[in-house]
Number of protein chains: 2
Amino acid sequence: MRENPYARTREDHRSEVAEDYVELIYRLGRDRAEVRTADLVEALGVAQPTVTKTLERLQRDGLVNVHPRRRIELTAAGASLASDISERHVLIVKFLQAVGVPKEVAELDAEGIEHHVSETTQRAIARFVRGRQ
Amino acid sequence: MRENPYARTREDHRSEVAEDYVELIYRLGRDRAEVRTADLVEALGVAQPTVTKTLERLQRDGLVNVHPRRRIELTAAGASLASDISERHVLIVKFLQAVGVPKEVAELDAEGIEHHVSETTQRAIARFVRGRQ
DNA sequence: TGGTTTATATAGCCTTGGCTATATATTCGG
DNA sequence: CCGAATATATAGCCAAGGCTATATAAACCA
Ligand SMILES: [Mn+2]
Ligand SMILES: [Mn+2]
Ligand SMILES: [Mn+2]
Ligand SMILES: [Mn+2]
């Protein structure tokens with residue numbers, strides 16, 4: 001029996017916030033000495049209690065360790081997820097740019113698209129991007 | 001000041017369920033004499049009360065007219081939105097197929113991706129797809 | 001036509017992910 | 001080192017979009 005596309009999309013969305021948070025923590029961690037709640041508030045554009053509460057869920061799910069009123073760290077699982085989604089993000093931006101989308105717009109769209117690209121599609125895109133360098 | 005990609009994605013998601021419902025009602029309406037709740041339940045893979053409640057929201061927002069215990073119709077606004085999103089859906093499937101994604105997988109991924117493709121990107125994709133026919 | 005089956009509505013519950021207001025802890029400058 | 005400023009935590013609210021259980025209406029058919 002054929003998979004239901006709407007169910008797939010709903011499923012994608014259940015991991016979306018987690019993916020964005022760990023990717024962001026991962027990326028910020030390369031610049032700063034440590035990543036703090038305020039950094040995420042700034043980057044995500046949501047209210048501070050939203051970040052605090054979301055981090056609790058991510059901790060519950062084993063993706064981050066939060067040292068209260070101090071820094072936020074990725075667990076091994078969190079770092080692994082972050083590096084996967086980060087790679088996918090970069091690839092999608094390149095892909096969109098390759099077909100003529102301006103970088104700025106590609107970045108905006110990729111932030112949403114990245115959560116809906118299957119393994120199979122990711123491989124096809126990677127081949128395509130490689131093939132035109 | 002540069003737009004926040006996370007805010008854009010959150011905004012996209014606020015119209016996503018509406019887009020899928022009207023697109024589906026539109027598409028089903030071409031086969032069947034009339035579209036009923038049960039048809040949406042089947043296609044979406046959610047429980048029946050979920051569809052009933054969602055239709056109430058869509059009616060509140062002026063996208064559908066629900067004749068209780070009878071058929072569901074699109075308003076002019078609903079039909080217009082449906083035709084836009086339907087066109088985008090078809091284009092994305094073609095685009096993915098053009099870079100080597102199997103049709104089945106393209107359909108699955110497109111159902112999520114379609115909600116995150118900007119006007120600018122849609123135009124670029126359309127040019128690309130046209131250019132290789 | 002009446003009884004059974006099927007479809008829809010209604011009640012009530014849950015989690016996620018938003019928000020504001022405010023309390024409390026940490027940090028920084030004088 | 002203390003007070004002000006800043007950052008974080010906590011309380012409490014809300015809407016969306018899921019769910020199950022059950023009541024009721026509509027459709028079918030013997
Ligand atoms: Mn994202
Ligand atoms: Mn999405
Ligand atoms: Mn969709
Ligand atoms: Mn679609």
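In this predicted model, helix α4(A) supplies the largest share of the surface near DNA strand C, namely five residues. The residues around DNA strand C number 19, and those that come nearest are Ala47(A), Lys53(A), Arg57(A), Gln48(B) and Arg69(B). By residue type, the surface near DNA strand C is made up of eight charged, seven nonpolar and four polar residues. On the side of the nucleic acid, sugar or phosphate accounts for 61% of the atoms of DNA strand C within 4 Å of the protein, and bases account for the rest.

Several contacts to phosphate oxygens of DNA strand C can be described individually. In chain A, a polar backbone atom of Ala47(A) is 2.7 Å from a phosphate oxygen of the strand. Thr50(A) contributes a polar side-chain atom, which lies 2.9 Å from a phosphate oxygen of DNA strand C. In chain B, a backbone N or O atom of Arg69(B) lies 2.9 Å from a phosphate oxygen of DNA strand C. Two or more residues of the surface near DNA strand C come from each of α4 (48–60) of chain A, α3 (37–44) of chain B and α4 (48–60) of chain B.

Two manganese sites were examined. At the manganese ion (ligand 1), the protein donors are Asp20(A) (OD), Glu111(A) (O), Glu111(A) (OE), Glu114(A) (OE) and His115(A) (NE2), at 2.1 to 2.2 Å from the ion. Along the chain, the donors of this manganese ion (ligand 1) follow the spacing D-x90-E-x2-E-H. Glu114(A) has a relative accessible area of 0% and is therefore buried. His115(A), with a relative accessible area of 4%, is likewise buried because its value is under the 20% cut-off.

The manganese ion (ligand 2) is coordinated at 2.2 Å by the NE2 atoms of His13(A), His116(A), His13(B) and His116(B). Within chain A, His13(A) belongs to helix α1 (residues 5–14), whereas His116(A) is in the loop between α6 (103–113) and α7, so the pair ties together parts that are 103 residues apart in sequence. The relative accessible area of His13(A) is 24%, so this residue counts as partly exposed. His116(A) is buried, its relative accessible area being 0%.

Aromatic pairing was also examined, and four aromatic pairs were counted over all chains. Phe128(A) and Phe128(B) form one of them, an edge-to-face pair with 5.7 Å from centre to centre and 90 degrees between the planes. This pair crosses between chains, joining Phe128(A) in helix α7 (residues 119–130) of chain A to Phe128(B) in helix α7 (residues 119–131) of chain B. Phe128(A) and Phe128(B) are both buried.

The pair of Phe95(B) and Phe128(B) is also edge-to-face, because the ring centres are 5.6 Å apart and the planes stand at 85 degrees. Phe95(B) lies in helix α5 (residues 76–98) of chain B and Phe128(B) in helix α7 of chain B, so this pair ties together parts that are 33 residues apart in sequence. Phe95(B) is buried, as is Phe128(B). Phe95(A), Phe128(A), Phe95(B) and Phe128(B) together form one aromatic cluster.

Technical notes
Residues are numbered from 1 along each chain as its sequence is written. Chains are lettered from A and ligands numbered from 1 in the order in which they are written. This is a predicted model: local features need pLDDT of at least 70, side-chain atom pairs count only at pLDDT 80 or more; totals for chains, interfaces and linings use all residues. Side-chain values use heavy atoms; hydrogens and water are left out. Rings of Phe, Tyr and Trp (its six-membered ring) pair if their centres lie within 6.5 Å; planes under 30 degrees apart count as stacked, over 60 as edge-to-face and the rest as tilted. Helices (H or I, at least four residues) and strands (E, at least two) are DSSP runs, numbered from the N terminus. Buried means under 20% relative accessible area, exposed over 50%, partly exposed in between (1.4 Å probe, protein chains only). Donors are N, O and S atoms within 2.8 Å of the metal (3.2 Å for Na, K and Ca); water is not among the atoms, so sites may look incomplete. A residue is near a molecule or strand if one of its heavy atoms lies within 4 Å of it. A polar contact is a pair of N or O atoms within 3.5 Å; within protein, one must be able to donate a hydrogen and the other to accept it, and residues adjacent in sequence count only if both atoms are side-chain atoms. Ala, Val, Leu, Ile, Met, Phe, Trp, Tyr, Cys and Pro count as nonpolar, Asp, Glu, Lys and Arg as charged, and the others, Gly among them, as polar.
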